[in-house]
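Let's take a walk through this model together. Have the sequence and the 3D view open side by side, and we'll go from one site to the next.

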Amino acid sequence: MEKLTIKTAPIEGQKPGTSGLRKKTRVFMEPHFLENFVQSIWNGIGGAAGKTFVVGGDGRYFNDRAIQVILRMAAASGAARVIVGQGGILSTPAASNLIRKRATDGGIILSASHNPGGIDEDFGIKFNTPNGGPASEDVTGQIFEATTVISQYEILEAQDVDLGAIGTTMLGAMEVEVVDPVADYAALMEELFDFDAIAALFAGGFTLRFDAMHAVTGPYATAILEDRLGAPKGSVLNGVPSPDFGGGHPDPNPIWAKPLVDLVMGENAPDFAAASDGDGDRNMILGRGVYVTPSDSLAVLAANAHLAPGYKAGLAGVARSMPTSGAVDRVAEALSIESFETPTGWKFFGNLLDAGRATLCGEESAGTGSDHVREKDGLWAVLLWLNILAVTKSSVKDLLDAHWARFGRNYYTRHDYEAVENDRANALMDGLRGRLATLPGQSFAAGTVTMADEFAYDDPVDGSRSEGQGIRILFEGGNRIVFRLSGTGTVGATIRVYLEGVESDPAKLNQVAEDALAPVIATAEEIAGIKAHTGRDAPDVKT
Ligand code: VG1
Ligand code: CO
């Protein structure tokens with residue numbers, strides 16, 4: 001097997017966003033594009049020689065080809081060993097677990113998460129550090145720097161490695177260890193949760209539907225929910241991963257998982273339903289007749305986590321991304337534990353989790369997780385919910401109602417305007433920036449502005465500062481509007497408008513969110529001029 005050194009030149013646009021580098025699949029398939037980025041990962045982290053990495057992905061189109069390239073490049077750069085999920089499959093949380101459990105030097109995850117897959121859709125690549133979490137801004141900065149000066153990459157000339165069979169083979173001088181993608185992850189879940197109690201729930205006739213959305217969680221959910229916990233066959237829907245996710249968006253929200261929402265709102269609703277995304281790190285929680293917003297889910301989990309064996313000692317603290325509602329803050333206050341507000345993206349939770357300052361973290365985008373790995377974790381959230389329901393013997397709806405009665409309710413909705421021309425989106429954000437200084441004291445339908453700023457985060461653990469993390473406008477009485485641009489899209493700009501209102505009047509806890517938030521929604525339009533800037537009458541997605 002010959003080691004080739006290929007001349008190349010920097011390719012523009014290889015800057016990682018909120019969660020790695022995401023582009024159209026065809027862009028990743030262009031000559032040198034993937035190779036340049038992989039070599040830049042090695043260069044950015046001080047080389048691959050002698051190191052062990054985990055590699056896997058969500059099975060989307062090009063996953064198999066990309067893994068073979070990464071293996072040949074790792075071997076050429078002197079890596080000692082690569083641990084790969086069978087068939088190239090690893091969910092993001094399972095990859096995070098393996099990186100930690102096997103004390104590796106990090107891992108590469110191939111996924112564009114909730115973005116659709118296929119030759120004309122999206123692909124992505126992300127580097128995780130030895131703690132199992134997404135690389136910090138520091139590290140992604142070094143990788144990006146490396147992409148701007150790259151002049152050559154190294155790759156082995158070799159046949160494809162057979163990833164179908166579990167076991168270890170050699171690629172040049174490098175070991176390739178193919179592992180069962182589910183086994184270690186399932187074992188970890190069994191340590192954290194009371195599987196007997198959850199199994200008893202199913203044995204008693206409790207019904208569940210888990211929609212894997214043709215994505216990576218299918219094999220995990222089938223193995224854990226059906227095979228180990230005894231949920232009847234057929235409880236897992238769309239459980240076979242497909243390279244284009246059955247032609248849909250593997251995004252667990254009321255838009256893309258509408259059939260599941262319709263099911264729980266209909267006559268034959270199961271007791272509990274959930275869905276996960278392309279790479280298995282997101283979750284949507286539903287009960288009979290009820291959709292639980294991700295922000296509420298985080299708050300409910302924080303208030304009840306001690307009911308699961310893995311968290312019986314209580315929580316050290318909680319953290320939420322800034323756009324996530326403040327519901328969990330009130331739980332933290334009641335529990336007398338710290339709560340942190342971080343920028344969007346799981347990488348910002350890593351230091352808090354490593355330092356033992358936060359045990360539970362969450363994002364409004366359907367991400368919840370804990371210190372068991374360093375990624376958000378869709379099935380973990382489902383199992384924690386099930387464990388809590390098994391102990392409290394409560395329905396999802398009753399648990400939620402009791403939660404609101406105790407803590408009040410944060411009404412919440414997010415409006416996305418997708419594929420907006422970059423100039424128009426930037427003009428909207430610049431317009432807001434220009435008004436920040438004069439907004440406080442002004443009155444709108446949502447109330448009088450008490451504060452308006454562009455969020456910056458000072459990491460309490462390493463002191464690093466991250467600026468430009470979204471525009472916040474706070475109103476008297478607790479209403480809040482946040483504007484930010486997505487860092488995961490691949491076409492134009494996606495404007496995200498996050499709308500929140502707080503209600504503690506017991507008579508007003510059961511409204512439709514869009515209705516309760518009508519004044520906040522109108523104020524967002526008044527302040528930002530969304531229609532004029534985007535030329536759109538309505539958001540593309542409301543979650
Ligand atoms: C989105 C979400 C963010 C999440 C990120 C990655 O980012 O808003 O909360 O961490 O996706 O999730 P953005 O920049 O588009 O708003 V995933 O499941 O794609 O790994
Ligand atoms: Co994801």
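Start in the sequence, where the donor residues of the cobalt ion (ligand 2) follow the spacing S-x163-D-x1-D-x1-D. Keep in mind as you look that this is a predicted model. Put names to that pattern and you get Ser-113, which gives its OG atom, plus Asp-277, Asp-279 and Asp-281, each giving an OD atom, with distances to the cobalt ion of 2.0 to 2.1 Å. For anyone tempted to check the geometry, four tetrahedral donors would ideally sit at 109.5 degrees, while six octahedral ones call for 90 or 180 degrees.

Now stay with two of those aspartates. Are Asp-277 and Asp-281 buried or exposed? Asp-277 has 0% relative accessibility, so it counts as buried, the cut-off being under 20%. Asp-281 comes out at 2% relative accessibility, and therefore counts as buried too.

These aspartates also lead us over to ligand 1. A polar side-chain atom of Asp-277 is 3.1 Å from an oxygen atom of ligand 1, and a side-chain N or O atom of Asp-281 lies 3.0 Å from an oxygen atom of that ligand. The backbone joins in as well: a polar backbone atom of Gly-487 sits 2.6 Å from a ligand 1 oxygen.

Zoom out a little and you'll find 20 residues around ligand 1, of which Thr-18, Ser-113, Ser-486, Thr-488 and Arg-496 come nearest. Ser-113 should ring a bell, as it is one of the cobalt donors. What classes of residue make up the shell around ligand 1? There are 10 polar and 10 charged residues, and no nonpolar ones. As for the space that ligand 1 takes up, it is the largest cavity.

Let's finish with the aromatic rings. Searching the whole structure turns up 11 aromatic pairs. One of them joins Phe-28 and Phe-33 edge-to-face, with 5.1 Å centre to centre and 75° between the planes. Both Phe-28 and Phe-33 are buried. Another edge-to-face pair is made by Phe-348 and Tyr-457, at 6.3 Å centre to centre with their planes 85° apart.

Technical notes
Residues numbered from 1 in each chain as written. Chains lettered and ligands numbered in written order. Predicted model: local features only at pLDDT ≥ 70, side-chain atom pairs only at ≥ 80, totals over all residues. Heavy atoms only, no water. Near = heavy atom within 4 Å. Polar contact = N/O pair within 3.5 Å; in protein donor to acceptor, adjacent residues only side chain to side chain. 1 Å grid on protein atoms, 1.4 Å probe; cavity = no way out; pocket = protein on both sides within 12 Å on 5 of 7 lines; lining within 4 Å. Sits in = over half its atoms within 2 Å of the grid points. Nonpolar A, V, L, I, M, F, W, Y, C, P; charged D, E, K, R; others polar. Donors = N, O, S within 2.8 Å, 3.2 Å for Na, K, Ca; no water. Buried < 20%, exposed > 50% of the residue type's maximum accessible area, 1.4 Å probe, protein only. Phe/Tyr/Trp six-rings, centres within 6.5 Å; stacked < 30°, edge-to-face > 60°.
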